[in-house]
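Got a minute to go through this one together? Here's the model, and a few questions to work through after it.

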Amino acid sequence: MFGLDDRIAGLGTGETLLIVLGVAVLLGLRHATDPDHLTAVSTLLAGAREDGAGARRAARLGLAWGAGHATTLFVFGLPIVLFGAYLPDAVQTAAEAAVGVVIVALAVRLLARSRRGARRAAHHHPPEPDGAPLRTRSGLQAYGIGLVHGVGGSAGVGLLLLAAIPDHVEGAVALAVFALFTAVSMALASTSFGWVLERGAVRRAYATIAPALGVASLAFGVWYALGAVQAVPYVF
């Protein structure tokens, strides 16, 4: 992925504002496809599906997650773009580890909800209607999850490339566009995922898909958190 970031950034050598903004858009769209983002959002939306949420409600959760991510990406990215001021290594490591913990928590919740749904089906209890309100995951909570995720350093290469823009105003504007299109791209991805979950074949096989997704997300979250800690072993 980092090589792709470099190639995208190479498009901005013209130094015009339009080109810089275009590069920021492409970086934002690309950044949204990072595995940790897709894992967190897909698990969040699958959990919403367990709670009886339809595709539209799940899409709104994805948008809230993207907005939270964009907020911290801009807040913590602005000092980098303007002054080259980075968070201390200990804070960056803790933030990355927190991202892994969030993914693990979402996976555990999905597995618990899936098990409860399986027991309900075994006792022939009717499923909840798709329009039922979410009991344990609101848009505000999804926004909070996005805030935590945005502090992580997976946008580091993109921020470095934007920090290389000599004009600070252009750099700040490009950062805002980068954060915005990361959120927009995640909203589109979550809408697509929510739509897929509602399709007939997927919906019928959901009892099998959800636990598999939960286990895969759990393994990824543990690996991600341990990798963050081990990258700077003297921090902990």
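Q: Is L175 buried or exposed in this predicted model?
A: Start with where it sits: L175 is part of helix α8, residues 168-197. The cut-off for buried is under 20% relative accessible area. L175 comes in at 0%, so this residue is buried.

Q: Which residues is L175 in contact with, leaving aside its neighbours within four places in sequence?
A: One partner is a long way off in sequence: F74 is 101 residues apart from L175 along the chain, yet their C-alpha atoms are separated by 6.5 Å. Contact here means heavy atoms within 4.5 Å. With the neighbours within four places left out, the list for L175 reads L73, F74, G77, L78, V81, L159 and L162.

Q: What share of the contacts in the chain with a separation of 6 or more comes from residues 24 or more positions apart?
A: The L175 and F74 pair, 101 residues apart along the chain, shows what such a separation looks like. Across the chain, counting contacts with a separation of 6 or more, residues 24 or more positions apart account for 85%.

Q: Which residues does T182 touch, leaving aside its neighbours within four places in sequence?
A: T182 also lies in helix α8. Its relative accessible area is 1%, so T182 is buried. Beyond the neighbours within four places, T182 is in contact with G28, H31, A32, H69 and L73.

Q: Which residues form a nonpolar patch on the surface, with about 260 Å² of accessible area together?
A: Helix α8 also holds L188. At 55% relative accessibility, L188 counts as exposed, because the cut-off for exposed is over 50%. The patch that includes L188 is made up of L180, V184 and L188.

Q: What arc around the axis do the buried residues of α6 cover?
A: Helix α6 runs over residues 139-151 and reaches 19 Å from its first C-alpha to its last, close to the 18 Å expected. Its buried residues are A142, I145, G146, H149 and G150. They all sit on the same side of α6, because the arc they cover is only 135°.

Q: How many helices and strands are there in the chain?
A: Going from the N terminus, the elements run α-α-α-α-α-α-α-α-α-α. That comes to 10 helices and 0 strands.

Q: What percentage of the 236 residues in the chain is buried?
A: For the outside, the accessible surface comes to about 11400 Å², and 72% of that belongs to carbon and sulfur atoms. As for the residues that count as buried, under 20% relative accessible area, their share of the 236 is 44%.

Technical notes:
Residues are numbered from 1 along each chain as its sequence is written. This is a predicted model: local features need pLDDT of at least 70, side-chain atom pairs count only at pLDDT 80 or more; totals for chains, interfaces and linings use all residues. Side-chain values use heavy atoms; hydrogens and water are left out. Helices (H or I, at least four residues) and strands (E, at least two) are DSSP runs, numbered from the N terminus. Buried means under 20% relative accessible area, exposed over 50%, partly exposed in between (1.4 Å probe, protein chains only). Accessible areas come from the Shrake-Rupley method with a 1.4 Å probe; for residues, only the protein chains shown count as cover. The expected span of a helix is 1.5 Å times one less than its number of residues. The arc is that of the directions from the helix axis to the C-beta atoms. Patches are made of residues with over 30% relative accessible area and no salt bridge: like charges are joined within 9 Å, nonpolar side chains (Val, Leu, Ile, Met, Phe, Trp, Tyr) within 5 Å. A salt bridge is a side-chain nitrogen of Lys or Arg within 4 Å of a carboxyl oxygen of Asp or Glu.
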